[in-house]
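Here is a short set of exercises to work through with the model open on your screen. Try each task yourself before you read the solution below it.

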Amino acid sequence: MHPIYRLLHPHFRYTMEINALAREALINASGIIESSFTPGKYSILLSSIAYDQHWQFDLQSLPADLINRGMAVKDPTAPHGLKLTIEDYPYANDGLVLWDTLKSWFTEYVDRYYPDSTSVQSDPELQAWWEEIRTVGHADKKDQPWWPKLKSKEDLVEVLTTIAWTTSGHHAAVNFGQFSFAGYFPNRPTIARNNMPVEDPSDPEWELFLEKPEVTMLKCFPSQIQATTVMTVLDILSNHSPDEEYLGETAEPAWEEDPLVKAAFEKFRGKLIELEGLIDERNADRTRRNRNGAGIVPYELLKPASEPGVTAKEFLIASLFETALWIRMCVSMIAACNR
């Protein structure tokens with residue numbers, strides 16, 4: 001088995017299954033997104049346009065993403081080589097530690113199998129894999145000049161870290177907090193069915209708003225079926241399955257047989273444990289007002305540990321089989337409600 005295949009394979013566990021189900025019920029025409037979000041039938045079209053105009057592989061790494069969004073600037077003297085625009089930015093603070101941890105592990109792994117950059121360039125399977133990602137996976141962007149060149153060990157490490165970060169840390173940060181934040185739909189309604197009334201005394205809707213504001217709000221909020229559909233989906237997506245596989249949890253048998261790779265993986269596992277303690281320490285720091293204080297929820301989305309269920313924490317490698325099953329159940333339930 002190719003060493004890079006072995007390294008990345010756990011990160012794509014059940015990805016095809018969950019993506020197929022999403023196309024079947026979540027992002028399909030008249031599906032859950034189009035029927036429950038404000039843009040309606042244009043929801044996925046707008047997302048596609050945003051992808052077309054803004055997505056670049058080289059901006060998917062965390063450091064590049066922070067710089068591109070104006071949230072950081074390069075600073076060789078600062079931790080992680082970046083100075084944050086907002087110092088108390090939990091996603092960036094915790095994420096950069098995870099990014100460096102992943103990159104350190106991948107660097108040692110790549111060093112074990114590729115003694116120099118020439119060996120990267122002369123690996124036909126590796127080069128064919130990268131060619132397919134660019135020309136088949138993103139055929140519409142295959143000629144863009146920003147694609148990284150796979151000519152050195154450093155190039156390979158950056159590509160691998162970007163892919164692993166996207167499927168673990170970044171996915172956890174944008175996914176597992178959804179139900180905690182938006183499960184109570186008035187906190188984050190996905191659609192406004194009516195405009196709020198203007199301050200016009202002759203407008204009957206304004207009079208109704210003054211007399212019974214709750215009626216006006218309920219007319220504006222999602223309908224019962226829209227709200228319960230989104231709540232159900234967010235609960236499913238935010239759930240940790242009992243069979244999930246987490247970063248640093250399981251070493252491949254081949255790694256156990258190689259002392260150098262085994263030692264590198266154990267170091268990686270130790271750094272993840274340190275990250276968990278660091279996050280707890282930061283959440284207890286009263287000077288960090290974006291993660292500690294009255295009414296402030298501790299930031300735990302990048303903690304390397306979680307119990308099953310909705311916990312609003314933990315990044316995983318990629319384990320979506322039970323989620324896929326729950327989405328099938330959700331689709332069946334919603335279909336029954338609509339009949």
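## Exercise 1: Salt bridges

The count of salt bridges comes to 15. Please keep in mind that this is a predicted model.

**Task.** Find where Glu205 and Lys219 lie, and work out what their salt bridge ties together.

**Solution.**
- Step 1: Start with the pair itself. The side chains of Glu205 and Lys219 meet with 3.3 Å from N to O, and a salt bridge is called when that separation is within 4 Å.
- Step 2: Place the partners. Glu205 is in helix H11 (residues 204-211) and Lys219 is in helix H12 (residues 213-220), so their salt bridge ties together parts 14 residues apart in sequence.
- Step 3: Check the exposure. Glu205 counts as partly exposed because its relative accessibility is 34%. Lys219 is also partly exposed, at 32%.

**Task.** Take the salt bridges of Glu266 with Arg269 and of Lys303 with Asp280, and describe where each partner sits.

**Solution.**
- Step 1: In the pair Glu266 and Arg269, the closest N and O atoms are 3.1 Å apart. Both residues lie in helix H15, three residues apart, which is about one turn of the helix.
- Step 2: Glu266 has 34% relative accessibility and so counts as partly exposed. Arg269 is partly exposed as well, with a relative accessible area of 24%.
- Step 3: For Lys303 and Asp280, the side chains meet at 2.7 Å, N to O. This pair links distant parts of the chain, 23 residues apart: Lys303 is in the loop between H15 and strand E4 (309-310), while Asp280 is in helix H15.
- Step 4: Lys303 counts as buried, because its relative accessibility is 6% and the cut-off for buried is under 20%. Asp280, at 35%, is partly exposed.
- Step 5: To finish, look for shared partners. Asp94, Arg282 and Arg291 are joined into one network by salt bridges that share partners.

## Exercise 2: The nonpolar cores

**Task.** Which residues touch the most other members of the largest nonpolar core, and which element gives the largest share of this core?

**Solution.**
- Step 1: The largest nonpolar core has 53 residues, and Leu66, Trp105 and Leu156 touch the most other members.
- Step 2: Now list the contributors. The elements giving two or more residues to this core are helices H1 (3-8), H5 (62-68), H6 (90-113), H8 (124-137), H9 (153-175) and H15 (259-283), together with strand E2 (82-84).
- Step 3: H6 supplies the largest share, eleven residues.
- Step 4: Zoom in on Leu156. Leaving aside neighbours within four places in sequence, Leu156 is in contact with Ile4, Val110, Tyr114, Val120, Leu126 and Leu150.
- Step 5: There is also a second, separate core of six residues, among them Ala22, Ile32, Ile33 and Leu237.

## Exercise 3: A nonpolar patch on the surface

**Task.** Find the residues that make a nonpolar surface patch of about 370 Å², and decide whether Ile49 is buried or partly exposed.

**Solution.**
- Step 1: The patch is made by Tyr42, Leu45, Leu46 and Ile49.
- Step 2: Ile49 belongs to helix H4 (residues 43-54).
- Step 3: Since its relative accessibility is 36%, Ile49 counts as partly exposed.

## Exercise 4: Two polar residues and their surroundings

**Task.** Describe the surroundings of Arg193, starting from its place in the loop between helix H10 (178-182) and H11.

**Solution.**
- Step 1: Arg193 is partly exposed, with a relative accessible area of 41%.
- Step 2: Not counting residues up to four places away in sequence, Arg193 touches Leu218, Lys219, Cys220, Phe221, Pro222, Ser223 and Gln226.
- Step 3: A polar atom of the Arg193 side chain lies 2.6 Å from the backbone oxygen of Phe221.
- Step 4: Compare sequence with space. Arg193 and Ser36 are 157 residues apart in sequence, and 9.9 Å apart in space, C-alpha to C-alpha.

**Task.** Do likewise for Gln178, which lies in helix H10.

**Solution.**
- Step 1: Gln178 has a relative accessible area of 24% and is partly exposed.
- Step 2: Beyond its neighbours within four places in sequence, Gln178 is in contact with Gly183, Leu234, Leu237 and Ser238.
- Step 3: The side chains of Gln178 and Asn175 make a polar contact (3.0 Å).
- Step 4: Gln178 and Asp235 are 57 residues apart in sequence, and 7.8 Å apart in space, C-alpha to C-alpha.

How values were computed:
Residues numbered from 1 in each chain as written. Predicted model: local features only at pLDDT ≥ 70, side-chain atom pairs only at ≥ 80, totals over all residues. Heavy atoms only, no water. Patch = residues over 30% accessible without salt bridge, like charges linked within 9 Å, V, L, I, M, F, W, Y side chains within 5 Å. Areas by Shrake-Rupley, 256 points an atom, 1.4 Å probe, with all protein chains shown as cover. Helix = DSSP H or I, 4+ residues; strand = E, 2+ residues; numbered from the N terminus. Buried < 20%, exposed > 50% of the residue type's maximum accessible area, 1.4 Å probe, protein only. Core = buried A, V, L, I, M, F, W, Y, C linked by side-chain atoms within 4.5 Å. Contact = heavy atoms within 4.5 Å. Polar contact = N/O pair within 3.5 Å; in protein donor to acceptor, adjacent residues only side chain to side chain.
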